[in-house]
Amino acid sequence: MSWSSRHLLVPLSAVLLVLSACGGDDDKNPVCGNGIIERGEACDDGNRVEGDRCNNSCQVTKPTTDAGTEQDAGTETDAGTEQDAGTETDAGTTTDAGTETDAGTTTDAGTETDAGTTTDAGTTTDAGTETDAGTTTDAGTGTDAGTTTDAGTETDAGTVTDGGSGMGDAGTDAGTETDAGTIDAGTDAGTETDAGTIDAGTETDAGTIDAGTETDAGTDGGAVDGGPAPDAGTGSDAGTDAGTTATLSALEPAAVFARSGTTGETIPEPLAVTLSAEATTDVVVQVTSSSPSVVIANNGQVTVPAGSRSAAVIVTADDAAGSAKATLTATLGADSRTATVRVLGATEAAALAYLSPETVSLAAGQTANVTVTLDIPAAAATSVALSTTGNVGSVPATVTVPANEISAKFTFTAGAAGSTGTIVATLNGQSVSAQAQVTAAPTTDHVVISEFAVAGTGGANDEFIELYNPTNEAVNIGGWKLQYKSATGGTYNSTAFTFPTGATIAAHGFYLVTGGSYSGGSTVAGDASAGTTIPLGGTAGHIRLGKTGISTAKVDALAVDTVGYGSTADSAEGNSPINGTPAAAGSYERKANAGSSAATMEGSGVDATKGNSRDTDVNSADFIIRTTRGPQNKASALEVP
């Protein structure tokens, strides 16, 4: 209610009070302070204290802090909060006793006889404080809001013994122990028996209609909230499961087997349900089968125990009960996953499927694991015969696949260099094979600088440096450096190119680092760009590849490969730099073998696809000069020496 409305209502309530309490007293000669509103008076509260709602001229004034301001009980900060009107200190706390229809209005706990002095009911010295809403002799009648049964005590301001008549009064005022939420005081809802009456459910309400809003359960009102202590108050609030928020993420493997007449886990691997996170309480996943040939234990209920993420699905298989293949569906909430189970006959025999890898390439004397795989899990331990052809190497005479398994590994040892042949597995007259090749042992056991150009058709900065890995294992060069030193420089340049973390060269593969003006990007793109960090000299200089931590000194134990070119280069391997200078379209390239030449290394030459593994630690003996350059990168074909 606005202040202007209150101003109009005060005289009306006063007239009603006069008619009911004073009969037809003469108002021709008004006396201010006699407690009777007479002609010319807008109010008369029985005193002439200046500054209260009825001042010493019996005219209505606006209290500074009346009961029912925006801080009133019943507003948005009402219903059960610490500022509520109806706590044990009730109507008359610093944030007042009631809503806009509170103490001070026509239904106030203190009408014209008011519930207080100039610091009316609702101010800091209001109804309920030690000095009461009124003087020690009360601001009203003898039973008014100012006695020991005044506004704010356990029988509150506005009870039957309140300051004001029973008409329109706050007989069920906001503040009694059973109050707040009844007719008066804005249906406050905030006393000991409140929070859950008409008001309950406002923006900061305590656990009723709201139960679970962002400022809800978890406060003092959490005891009646609809959710456990960890849940209440979150965005999804009370009512959700207090157990786990994990969802169903998998039913794997996608295809498994079960042997007829058995009960247990599937083979060769257990079929299991998997959650997205560890369960905080036991989580039950429902699993159904499309065929009676596969029955899930415990009526299809698979329990993931608290603290775990997965649980095996236990099945009973019967090949006579239905189709040989069943689709199992796992469901948790809105999530579902499927997998297939094939039912095997009790004695169904397995056959060979394949050998892997399909091709084995090793240097003489090296070994590799080869796997023989069956089409179904073996009913019993099964022995598979092994052999080789073409003197390509050796294998054990047999390998055994255990019962209920589908594969087994064995070791192949490469034979004579340059030989080719097959690895053969045989079972019950059936055979499967894999190709085998024995390569020449690498002449170099480290990554090398294999080709580089110090200029090109694109100018002096049309440069590249190519690396080659002649070994049979991938090499991680992340953090390694490419450095440059001039022909007669005392140290390598402080600027260098550092390979990115995780950079790797595959066995028999390449890695290409390009300069700032590299012109071959449209055909063979660089794997990394050095920009201008390696300013290669046009006629002489040095390139060095070093491991992480290499210094700029001319000699460093972390150096992996060094190439000096041009007759004046003073730090070439073997003190013998590459002689000569390529044409504008040419490059320097490491040989594939001792007999390699420019003719065999370029175009369709016999050594063109045999890599660049020649390294005698004499640069002049290990490199040729190409007429046309041929950079290769990580995407280029592997080249086996």
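How many residues lie between β10 and β11 in their hairpin? There are two residues between these strands, and Gly333 in the turn has a positive phi of about 60 degrees. The model is predicted, and the hairpin is a convenient place to start reading it.

The two strands of the hairpin are paired along their length by eight bridges: β10, residues 325–332, runs antiparallel to β11. One pair that can be picked out on the screen is Ala330, whose bridge partner in β11 is Arg337. Strands of a sheet pair through backbone hydrogen bonds, either parallel or antiparallel. Strand β11 shows both senses of pairing. With β10 the sense is antiparallel, while five bridges join β11 (residues 335–344) to strand β2 (residues 255–259) in the parallel sense. In that second pairing, Phe257 is found opposite Arg342 in β11.

Now step back to the whole chain. The protein chain has 641 residues, and 46% of them are buried. Its secondary structure consists of three helices and 32 strands. Of the contacts between residues at least 6 apart in sequence, 58% join residues at least 24 apart. The accessible surface amounts to about 28200 Å², with carbon and sulfur atoms contributing 53% of that area.

Strand β2 also holds Arg259, a residue worth following in detail. Is Arg259 buried or exposed? Its relative accessible area is 8%, so Arg259 counts as buried, the cut-off for that word being under 20%. Leaving aside residues up to four places away in sequence, Arg259 touches several others, among them Ile267, Ala317, Leu344, Glu348 and Asn404. Pro377 and Ala379 also belong to the residues it touches. A polar atom of the Arg259 side chain lies 3.2 Å from the backbone oxygen of Pro377. Ala379 is 120 residues away from Arg259 along the chain, but the C-alpha atoms of these two residues are separated by 8.5 Å.

Ala317, one of the residues touched by Arg259, leads to a sheet of three strands. The sheet is open, its order is β3-β9-β6, and its pairing is antiparallel. Strands β3 (263–264) and β6 (294–296) are at the edges with a single partner strand each, so each has one side without a neighbour in the sheet. Between β6 and β9, the latter covering residues 315–317, there are three bridges. Ala317 takes part here as the partner in β9 of Val294.

Another open sheet has five strands, in the order β13-β20-β19-β15-β17, and its pairing is mixed. At its edges stand β13 (359–363) and β17 (398–401); each has a single partner strand, so one side of each lacks a neighbour in the sheet. From one strand to the next, the twist averages 25 degrees. Within this sheet, β15 (residues 382–388) and β19 (residues 420–427) are antiparallel and share four bridges. Leu386 has Ala425 as its bridge partner in β19.

The remaining topic is charge. Side chains of opposite charge can pair when their charged atoms come close. The whole structure contains 11 salt bridges. One of them is between Glu451 and Arg626, with the closest N and O atoms 3.9 Å apart. Glu451 belongs to strand β21 (residues 448–453) and Arg626 to strand β32 (residues 623–626), so this salt bridge ties together parts that are 175 residues apart in sequence. Both Glu451 and Arg626 are buried.

Arg626 also forms a salt bridge with Glu589, at 2.7 Å from N to O. This pair again links distant parts of the chain, as Glu589 is in strand β31 (residues 587–590) and lies 37 residues from Arg626 in strand β32. Why do Glu589 and Arg626 count as buried? Glu589 has a relative accessible area of 4% and Arg626 one of 8%, and buried means under 20%.

A further salt bridge joins Asp607 and Lys610, whose closest N and O atoms are 3.8 Å apart. In this pair Asp607 is buried, at 5% relative accessible area, whereas Lys610, at 35%, is partly exposed. Elsewhere in the list of charged pairs, Asp561, Arg590, Arg614, Asp615 and Asp622 form one network through salt bridges that share partners.

Methods. Residues numbered from 1 in each chain as written. Predicted model: local features only at pLDDT ≥ 70, side-chain atom pairs only at ≥ 80, totals over all residues. Heavy atoms only, no water. Buried < 20%, exposed > 50% of the residue type's maximum accessible area, 1.4 Å probe, protein only. Contact = heavy atoms within 4.5 Å. Areas by Shrake-Rupley, 256 points an atom, 1.4 Å probe, with all protein chains shown as cover. Salt bridge = Lys/Arg side-chain N within 4 Å of Asp/Glu carboxyl O. Pairing = 2+ DSSP bridges. Polar contact = N/O pair within 3.5 Å; in protein donor to acceptor, adjacent residues only side chain to side chain. Axes fitted to C-alpha atoms, helices over the stretch in contact; angles between N-to-C directions.
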